[in-house]
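Work through the exercises below with the sequence and the model open. Try each task before reading its solution.

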Amino acid sequence: MLKIVIGNKKYSSWSMRPWLALQITGAPFVEILIGLDQPDTAQQIRKYSPSGRVAALLDGETTVWDSLAICEYLNEKFPQAQLWPKEARQRALARSISAEMHSGFGNLRNDCSMKILKTYPPKPLRAETQADVDRIVELWTDCLQKSSGPFLFGAKPCIADAMYAPVVSRFRTYSIPLAGPAQAYCETVWAWPLVQKWAEGAKAEALRAKRYED
Ligand SMILES: N[C@@H](CCC(=O)N[C@@H](CS)C(=O)NCC(=O)O)C(=O)O
């Protein structure tokens, strides 16, 4: 059976993404959860993931690490799950915005780390962080206009939605004001039962990682 190695559901945005993609496939899997910021975290992660980072996917003799690589692997393994849009131009766009998330938005990631269970009052963002928010709103709006929503590429969530789900969580946690379609998209993603399932898992976690909380 497939195994996915993840960090705390409260904080680990890079774990949430491939976990959602795996859940979309409907395949049974075992979850190995490693508490972040514990004395033996690095040692525990290295047992499974050569990069020393989560997430990792174990499929028999095959190990795949890094969130986007896991999503691509799952797309190949479960073609019937349609983890990317069917149409080539949409697929190109979905891959581009997923890669943009994977390699970018460092200011948002640094200033607004994922704490899925918390909500803070709004406060002004640094200009660079606001620029990340504006770019995300721009690309969501473009995708939603082209697809008619409610997910980025139409009626069903795909890898691109999994890649942006932790961003939705951040926008909620930090009460970042959004206009029209972007706000509606956040509500769609938050109501997505798999996102709720992840958040329920976060609530059930006893472990608290100081570095991620402070
Ligand atoms: N580019 C990687 C980033 C993975 C990453 O940074 N994961 C963090 C947790 S969210 C991690 O493993 N940190 C190790 C640690 O905190 O010891 C991916 O997309 O999977």
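The exercises cover the ligand site, three helix residues and some unusual backbone geometry.

This is a predicted model, with local features needing pLDDT of at least 70, side-chain atom pairs counting only at pLDDT 80 or more, and totals for chains, interfaces and linings using all residues. Residues are numbered from 1 along each chain as its sequence is written, and side-chain values use heavy atoms, with hydrogens and water left out.

**Exercise 1. The ligand site**

Task: List the residues around the ligand, then sort the shell by class.

Solution. Start with the cut-off: a residue is near a molecule if one of its heavy atoms lies within 4 Å of it. The residues found around the ligand are Ser12, Trp14, Leu36, Thr41, Arg53, Val54, Asp66, Ser67, His102, Arg211 and Tyr212. Now sort them. Ala, Val, Leu, Ile, Met, Phe, Trp, Tyr, Cys and Pro count as nonpolar, Asp, Glu, Lys and Arg as charged, and the others, Gly among them, as polar. The shell then holds four nonpolar, four polar and three charged residues.

**Exercise 2. Polar contacts and burial of the ligand**

Task: Find polar side-chain atoms that lie close to ligand oxygen atoms, and state how much of the ligand the protein buries.

Solution. A polar contact is a pair of N or O atoms within 3.5 Å; within protein, one must be able to donate a hydrogen and the other to accept it, and residues adjacent in sequence count only if both atoms are side-chain atoms. Take Ser67: a polar atom of its side chain is 2.6 Å from a ligand oxygen. Arg53 places a polar side-chain atom 3.1 Å from an oxygen of the ligand. For Tyr212, a side-chain N or O atom is 3.1 Å from a ligand oxygen. Next, burial. The ligand taken alone exposes 510 Å², and the protein buries 82% of that. These areas come from the Shrake-Rupley method with a 1.4 Å probe; for residues, only the protein chains shown count as cover.

**Exercise 3. Three helix residues**

Task: Place Gln145, Thr173 and Pro181 in their helices, and decide whether each is buried, partly exposed or exposed.

Solution. Helices are DSSP runs (H or I, at least four residues) and strands likewise (E, at least two), numbered from the N terminus. Buried means under 20% relative accessible area, exposed over 50%, partly exposed in between (1.4 Å probe, protein chains only).

- Gln145 belongs to helix 6 (residues 127-147). Its relative accessibility is 62%, so it is exposed.
- Thr173 belongs to helix 7 (residues 159-173). Its relative accessible area is 1%, so it is buried. A polar atom of the Thr173 side chain lies 3.0 Å from the backbone oxygen of Lys118.
- Pro181 belongs to helix 8 (residues 180-191). Its relative accessible area is 43%, so it is partly exposed.

**Exercise 4. Backbone geometry**

Task: Locate the cis peptide bonds from Val54 and from Gly149, then examine phi at Gln82 and Phe105.

Solution. The Val54 to Ala55 bond is cis, with omega near 15°. Ala55 is in the loop between helix 2 (41-46) and strand 3 (56-59). The Gly149 to Pro150 bond is cis, with omega near 0°. Pro150 sits in the loop between helix 6 and helix 7.

Turn to phi. Gln82, not a glycine, has a positive phi near 45°. Its loop runs between helix 3 (67-77) and helix 4 (88-103). Phe105, also not a glycine, has a positive phi of about 60°. Phe105 lies in the loop between helix 4 and helix 5 (106-111). At 32% relative accessibility Gln82 is partly exposed, whereas Phe105, at 8%, is buried.
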